[in-house]
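Here are a few short exercises to work through with the viewer open. Try each task yourself before reading its solution.

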Amino acid sequence: VWGFVQKKASPNEGMEAFYKSYVRKFNAPEVGGNVQEISVLLKFVVEKDGSFTDIQIAGPDPHNIGKEAIRVLKAMPKWKPAEHNGKTVRSSFKLPIKLRVN
């Protein structure tokens, strides 16, 4: 699994469209208080076929949204895999998820 590649893995529709679609599928929990934003960092591998494996929560998950974040990522379309030296490779990816709470 490559950590540094010449061309990173990315969503076919682009990152902005990916995040919009991701947020629509996300069922945010009731957090109470005056919390403005909830966040979690996901770490995973983008396989050569663009699928996601080894999805984990990286770092703190104070609002317990990690399971939901993983569920939504698993439901998202495959990505364009990473490339290195002209070859398609498996690569690690960190994806910060930040959601505003209404």
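The exercises below use a predicted model and deal with a pocket and with two backbone angles.

**Exercise 1.** Find the residues that line the largest pocket, and work out which strand gives the most to this lining.

*Solution.* Start with the space itself: the largest pocket holds about 190 Å³. Next, pick out the lining, which consists of Gly-3, Phe-4, Val-5, Lys-8, Ala-9, Lys-43, Ser-91, Ser-92, Phe-93 and Lys-94. Finally, look at the strands: β7, covering residues 91–100, contributes the most, with 4 residues.

**Exercise 2.** How many residues of the lining of the largest pocket are nonpolar, polar and charged?

*Solution.* Take the lining residues and sort them, remembering that Gly counts as polar. The lining then splits into 4 nonpolar, 3 polar and 3 charged residues.

**Exercise 3.** Locate Asp-54, describe its phi, and decide whether this residue is buried, partly exposed or exposed.

*Solution.* Asp-54 sits in strand β3, residues 52–57. As background, most residues other than glycine have a negative phi. Asp-54 is not a glycine, yet its phi is positive, at about 50°. Its relative accessible area is 47%, so Asp-54 is partly exposed, given that exposed means over 50% and buried under 20%.

**Exercise 4.** Do the same for Asn-85: where is it found, what is its phi, and is it buried or exposed?

*Solution.* Asn-85 belongs to the loop between β5 (82–84) and β6 (87–89). Its phi is near 55°, again a positive value in a residue other than glycine. With a relative accessibility of 56%, Asn-85 counts as exposed.

Definitions and conventions. Residues numbered from 1 in each chain as written. Predicted model: local features only at pLDDT ≥ 70, side-chain atom pairs only at ≥ 80, totals over all residues. Heavy atoms only, no water. 1 Å grid on protein atoms, 1.4 Å probe; cavity = no way out; pocket = protein on both sides within 12 Å on 5 of 7 lines; lining within 4 Å. Points joined across faces, edges and corners; volume = space filled by probe spheres on them. Helix = DSSP H or I, 4+ residues; strand = E, 2+ residues; numbered from the N terminus. Buried < 20%, exposed > 50% of the residue type's maximum accessible area, 1.4 Å probe, protein only.
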